[in-house]
Amino acid sequence: MKRVVGVVAGLAVLVAGVVSGDGPAMAGRRAPVAWGACTAEAGKTASAALECGTVRVPLDYRQPTGRSITIAVNRIRAKVSKGAGHLGTLLVNPGGPGASGRNLTEYVARSLSADVAERYDIVGFDPRGVGASEPSMHCVDPAAYYRAPRADAVPHSKVEERALLARASEYASRCGQLWSWLLPHLTTENSARDMDAIRAALGEEKISYLGYSYGTYLGAVYATLFPGRVRRLVMDSTVGPTGVWYESNLKQNRAFERRHRQFLAWTARHNDVYKLGATSKQTSFAYYAMRDRLRTHPVGGVVGPSELDDTFTVAGYSDRVWPQFAQAWSSYVRQGDAKGLTDIYNRHGKNDSDDENGYAIYLGVQCRDARWPRQWDRWRTDMTAMHREAPFLTWPNAWFNAPCAFWPVPGGTPVKIQTSPKLPPFLILQSRYDAATPYHGAQEMAKLFPRARLVLDRGGNHGISLSGNTCVDGHLAAYLRNGTLPRQDSACAASPDPRPAEHMSAKSGAGLIGVLGVLERLTAR
């Protein structure tokens, strides 16, 4: 992830008027962002078009003059001046929670229709605790915590289950020991209030917002708290507004199972290339046989079943990796060649310090946002039953979230998402077979906001705008350009299935893969 250093700007006074919600745009003095040059991480060159800064916000919005923290921001300025078609600020967020929004800014600026991008100041931000925001939360030594191969996420005995449970408990304990002062204030609601502090620091009466994945939920909370401060709002790959977060993870398990089976079926259709089975049943057998072998024979002493889970979860987000993943799998099974598996693990599954930071914030927000079961018996019962119908992700997902059963601060009550006559009509973009944010969530969100319009991509990728679907991108551009929405909910054809010969290049990526933080974070299992 890119590391940038900004110039500190602002005082706690900028939040005056924010706590009470939709009221005067700003009470007291405004503290503008002091923009400066960005400093790239070692080995990379910072874009000359990118500016960086920080916004100071209160740790606790109930005590706006108390302890403060900083939010790192960056921007690419509009090419047109105010009064000459300038449309204000487009704030972007890639999801997570725990993802760096500053990593999304340049991608959006270069991927949007040029006549739209040039009219917005495109601003990304690292939510509280993330990346270059201060403090940046870490709970453990990532090299030790992610040392591969890790224990199999699917427990085969009570002893294995207790070891996995102890790992989850220890992570929660370490976070509590290091960050007891911060944990009570890591909530989606506070991140939404931070967004409004950013708006104020930018001198904007209203902002536009593009959020992906968890960023859609963050956008919905912002729209609930500050409906009159929204100019335009786009939700791409929408989190359901209810059931956060334990129930939504159970739904996610089913959706990933369906998407994984679609990948297995695609591999079977190309049996002439991969030779892993001509039916979904055969490719499923081949996949789980490979996974079982890795329990006792990890590839290179590194890629065991949990590392395989981490890696192949990515195939649930984007079908553009399917050819590369299927080839790596085939080479290992058919030829004993482990290089492909090692390569895709190093690229898509391996975790580092940034990933641990994202994981810490993911847990910090989700464990605090809402109540989680505190009795492990409930988890075991639910996961045992769910594993029978959705074996691909159930247990990996359970252990990813298991620290919430031991989190040092209790879960709260989520913001009740609701509409307001002050909120303008907005755009919801969603794929039909999205695994990370199932379609039903977008339908729920659309029902809560009757003036919103849902555009459905009939495929299954996550993060569908700015990823090559011209129909979807046309709707996005029209809305951001002048507020134009389809008269009723609409649909776009899915992008064509990948062909076996297509291998994702290092330069092209896979649409938003590697940019959307939710993808990086949810593969940190």
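Modeller: Let me start with labels: helices (H or I, at least four residues) and strands (E, at least two) are DSSP runs, counted from the N terminus. This is a predicted model, where local features need pLDDT of at least 70 and side-chain atom pairs count only at pLDDT 80 or more, while totals for chains, interfaces and linings use all residues. Residues are numbered from 1 along each chain as its sequence is written, and side-chain values use heavy atoms, with hydrogens and water left out.

Colleague: Okay, where does Leu466 sit, then?

Modeller: Leu466 is in the loop between β9 (453-457) and α18 (470-482). Its phi is near 60 degrees, a positive value in a residue other than glycine.

Colleague: Why is Leu466 called buried or exposed?

Modeller: Buried means under 20% relative accessible area, exposed over 50%, and partly exposed in between (1.4 Å probe, protein chains only). Leu466 comes out at 6%, so it is buried.

Colleague: And what makes Ser213 buried or exposed?

Modeller: Ser213 has a relative accessible area of 2%, so it counts as buried. Ser213 isn't a glycine either, yet its phi is positive, about 55 degrees. You'll find Ser213 in the loop between β6 (207-212) and α6 (214-225).

Colleague: Which peptide bond leading to Pro149 is cis?

Modeller: The one joining Ala148 and Pro149, with omega about 0 degrees. Pro149 lies in the loop between α3 (142-145) and α4 (158-179). Val244 to Trp245 is cis too, with omega near -5 degrees, and Trp245 sits in the loop between β7 (230-236) and α7 (246-269).

Colleague: How are α9 and α12 placed, and why is that angle called parallel, oblique or perpendicular?

Modeller: The axes of α9 (residues 280-296) and α12 (residues 322-335) come within 11 Å and cross at roughly 70 degrees. Angles under 35 degrees count as roughly parallel, over 145 as roughly antiparallel, 65 to 115 as roughly perpendicular and the rest as oblique. So α9 is roughly perpendicular to α12.

Colleague: Which residues meet there?

Modeller: With contact meaning heavy atoms within 4.5 Å, Thr283, Ala286, Tyr287, Met290, Arg293 and Leu294 of α9 meet Trp329, Tyr332 and Val333 of α12.

Colleague: How confident is the predictor in the protein chain?

Modeller: pLDDT is the predictor's confidence in each residue, from 0 to 100. The chain averages 91, and 89% of the residues score at least 70. Over residues 24-28, though, pLDDT is below 50, and that stretch has 13 contacts beyond near neighbours in sequence. Residues 505-510 are also below 50, with 10 such contacts in the model.

Note on methods. Axes are lines fitted to C-alpha atoms, for helices over the stretch in contact, and angles run from 0 to 180 degrees between N-to-C directions.
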